[in-house]
Every structure is written in structure tokens, then in C-alpha cells.
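Visitor: Could you take me on a close look at one part of this protein? I would like to see the sheet, and then whatever lies around it.

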Amino acid sequence: MTTLRLLSDESGIREAAKILKNGGIVAIPTETVYGLAASAYNEQAISKVFKAKGRPQDNPLIVHIAELDDIKDIVLSFPKQARLLAERFWPGPLTLVLKRTDKVASSVSAGLNTIAVRMPENEVARRVIKASGLPLAAPSANLSGSPSPTSAEHVLSDLDGRIDAVIMSSASNVGVESTVVSLAENPPRLLRPGAVTPEGLREILPDLVVDKAVLSELDENEEAASPGMKYKHYSPKTETVLVEAESGRFCEFVNKQESCAAICFSEEQALINKPCLSYGNKEDSETQARLIFDLLRKSDRFLVDKVYIHAPKKSGVGLAVYNRLIRAAGFKVIKL
Ligand code: TXA
Ligand code: MG
């Protein structure tokens, strides 16, 4: 199939909405990463999304809405805590897992009795949802396993010829996917960290627990609370290794290795004598989040055996960056 390139103007949005209403699949920008959208009511359209991405059938999707009112058709109840979170963080990079209705296609939630919902802030995404008149199920618009796409070019490099259209808009400014919190259990559980931090969530959810899979690998026989967290993910083709160390030791270590490159902090770049890319200042987790997926994609251009990544701090948005990087590294972490 030919993948249409649509502009993010009125005519492009109208065309995207038409394709979605007819059961097609369209990549759209959001503030976190680009999403591959389909009607959440259309079982066939959802199966195209799984197929285009090569996504395992047991990994559920997030439903995107533009107005709070749209949630009535999707969830059975909207408890007080959900309302408070929505008032504070929507529209924005927060996804809530709640008990689902029967109206949404069952494959959206991969057979679970819960559903993940978020209201994106990106204006183009909101206009596409409104123009289609549909809740849109949208996973990240990458091939399953590869780094999430933060630009229309990333989407095309993975999915050109596999999807109906892509809206050619600007790069995502958050850069990592939304925070996922389950309110379908008690106490509420953080399933995936993102730009809405645990510190921010605890102002409304003081008893929030952080799922074990956020920071460590699950054992083979452990069940994942969030199916997406059990898969190897975000990986370039080149082997990546996460290194936890202070700056001097990290640079010294990298300089001694054979056939390697590095992803480091900006202040370290001048001290490393291997090919390296910087993902921002050590303290600047927001910049690291915005750049990391693009740099993981660029890692393959180094043509080296290994890429060593200097591990970010784990507080605030840094927790989300660390969570993606341990998966990109297949949980290989060196502590110096
Ligand atoms: O920022 C984002 O959330 C982006 C943009 C496009 O909105 N979307 C995104 O979707 O990251 P995806 O499919 O790549 O990640 C969805 C995550 C997975 O980890 C999945 O397991 C989890 O949400 N999830 C979805 N439904 C769930 C449910 N009912 N229970 C638990 N986890 C769920
Ligand atoms: Mg994804």
C-alpha cells in the first residue's frame, strides 16, 4: 500500500478523519510520541494496527479522547481519584487504566476487563479525534520492539507502505510515552513512568505503589501488570549497555573499550575520544526525555559493536528515561 503524507492543516486533518471513519489506520503526532491511530470501536481497524506494528496480541492499546465527556462510552465508572487526576493532568501525558465497557473493541484491551485512556494535549491530535468523532486507539507508531517515534520521519522509516497515512507534523516535545497509572486496583499502581512524575501523582494518590517492572526485569514466570513492560523494547540493532557511574569513571571506561560509541551527557562529550552523542545536561531530565529515542535510532549509524549509555538519574522525569533505557539495553547494566 502507498502511505499518504498528510499536512497538519485543515485539509490533512479532514482526510485523516475520513480514513479513520472508514476503518483505516493513520499515524498522528502527540506531545509524547507519534501514535498509530484507529477507531476504538472497529475490531478490523484494530487488527490492522497490531499487524502493521508486528505487535504481540496480548499487549493492549491506549484509547485517546478529546473531551472528558467522551469517556462515558469507554469506562464503567470514573472514580473521584480519576476525576482529580484528569482535572490536574489532562489534557497531557497521563494514561489512566479503568474498568471498561463493552462498546470498545475487545482487542483494544487484549481481552482484559480494563482499558487505558488518555486525553492528549497536542492540538493536531485533538483536532483529528474531534473531526473523526471517534475515540482513537493508538499505540506508539513504531515497529514493535524498536524505539518509539518522536517525528514523522521516524514513523516513515518503520511503517512506510504498512499504514494508510501519516500526518507530517513537528517533533514530539515530551519525547517519552505517557505515564500509565492503574486505578482499577487498590492501591493505585504506577505501571509506566512518564512526564507526569510519581512525586506529582502522589499529591493526589498518596498510596500510589510503583510496579516492580518499572525498574527491574520480571522473572520468566511472573505475570506483568502492564503487558507492554515485559517485552524487550526501544532497541536499536546495535547492542546497547547502560552504565551507572560518576562522570570521570564513565569517560575513562568508554575510552578503554574497543569498537564502541557512547551516549553521554553534554559536559562529558569533550572528554570522550570515541564517537559519541549527547542527550543533554546530566541534571536536565526533560531534554534527555525529548532526545533519547532519536539518539537510540541514530546509534546504528556508528557501525560499532556496542553503544555505552551513561545512565540518567532516576528521579522526576529521569525515572521514565531510565525505564526506557534499561529495556533498550535488554537489562544489561554495568555499575562502576
Ligand atoms: O504516550 C503514549 O501513551 C503513546 C501515545 C501515542 O499516546 N502511546 C503509547 O502506546 O505509548 P503503547 O501501546 O506503545 O503503550 C501502551 C502501554 C503498554 O505498556 C500497555 O501494556 C499498557 O499501556 N496498557 C494498555 N492497556 C492496558 C491495560 N488495560 N492494563 C494495563 N496496561 C495497559
Ligand atoms: Mg509502544
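Guide: Here is a walk through the sheet, followed by its surroundings, the pockets and the cysteines. Please keep in mind that this is a predicted model.

Let us begin with the overall layout. The sheet is open and is formed by 11 strands, in the order β1-β8-β2-β3-β7-β4-β6-β5-β9-β10-β11, with mixed pairing. At the edges stand β1 (4–7) and β11 (209–210); each has a single partner strand, so one side of each is left without a neighbour in the sheet. As a general reminder, strands of a sheet pair through backbone hydrogen bonds, either parallel or antiparallel.

A good strand to settle on is β5, which covers residues 94–99. Five of the six residues in β5 are buried, which leaves the strand mostly covered. In the strand order, β5 sits between β6 and β9. With β9 (residues 179–182), β5 pairs in the parallel sense, over four bridges. You can find this pairing on your screen by looking for Thr95, which stands opposite Val180 in β9. Towards β6 (residues 114–118) the sense changes: β5 and β6 run antiparallel, and four bridges join them. A handy marker here is Lys99, whose bridge partner in β6 is Thr114.

Thr114 deserves a pause of its own. This residue belongs to strand β6, and its relative accessible area is 16%; because the cut-off for buried is under 20%, Thr114 counts as buried. Setting aside neighbours within four places in sequence, Thr114 is in contact with Val97, Leu98, Lys99, Arg100, Ser109 and Ala184. So the bridge partner Lys99 also appears among the contacts of Thr114, as the cut-off of heavy atoms within 4.5 Å defines them.

For another antiparallel pair, move along the sheet to β2 (residues 26–28) and β3 (residues 35–39), which are joined by three bridges. There, Val26 has Ala37 in β3 as its bridge partner.

Now let us step off the strands. Ala195 lies in the loop between β10 and α6 (198–202). With 27% relative accessibility, Ala195 counts as partly exposed. Beyond its neighbours within four places in sequence, Ala195 is in contact with Pro93, Val174, Thr179 and Val317. One of these contacts, Thr179, is a residue of β9, the strand that spans 179–182. Ala195 also has a partner from far along the chain to consider: Val321 is 126 residues away in sequence, and the two C-alpha atoms are separated by 9.4 Å.

Ala86 gives you a helix to set beside that loop. Ala86 is found in helix α3 (residues 80–89) and, at 5% relative accessibility, counts as buried. Apart from neighbours within four places in sequence, Ala86 is in contact with Leu68 and Phe78. Leu68 and Ala86 are 18 residues apart in sequence, and 8.3 Å apart in space from C-alpha to C-alpha.

Next come the pockets. The largest pocket has a volume of about 840 Å³. Its lining counts 48 residues, and the closest to its centre are Arg55, Asn59, Pro60, Ser226 and Gly228. The sheet takes part in this lining: β4 (62–64), β6, β9 and β10 (189–192) each supply at least two residues. The largest share, four residues, comes from β6, the strand that holds Thr114. By class, this lining has 22 nonpolar, 16 polar and 10 charged residues.

The second largest pocket has a volume of about 160 Å³. Lined by 14 residues, this pocket has Asp70, Asp73, Gly133, Leu134 and Pro135 nearest its centre. Its lining divides into seven nonpolar, one polar and six charged residues.

Finally, the cysteines, in case you were wondering about disulfides. A search of the whole structure finds zero of them. For Cys251, the closest cysteine sulfur is in Cys264, 6.8 Å away, which is too far for a bond. Cys260 tells a similar story: the closest cysteine sulfur, in Cys276, is 9.8 Å from its own, again too far for a bond. Cys251 is buried, at 4% relative accessibility, and Cys260 is buried as well, with a relative accessible area of 3%.

Key. Residues numbered from 1 in each chain as written. Chains lettered and ligands numbered in written order. Predicted model: local features only at pLDDT ≥ 70, side-chain atom pairs only at ≥ 80, totals over all residues. Heavy atoms only, no water. Buried < 20%, exposed > 50% of the residue type's maximum accessible area, 1.4 Å probe, protein only. Pairing = 2+ DSSP bridges. 1 Å grid on protein atoms, 1.4 Å probe; cavity = no way out; pocket = protein on both sides within 12 Å on 5 of 7 lines; lining within 4 Å. Points joined across faces, edges and corners; volume = space filled by probe spheres on them. Nonpolar A, V, L, I, M, F, W, Y, C, P; charged D, E, K, R; others polar. Disulfide = S-S within 2.5 Å.
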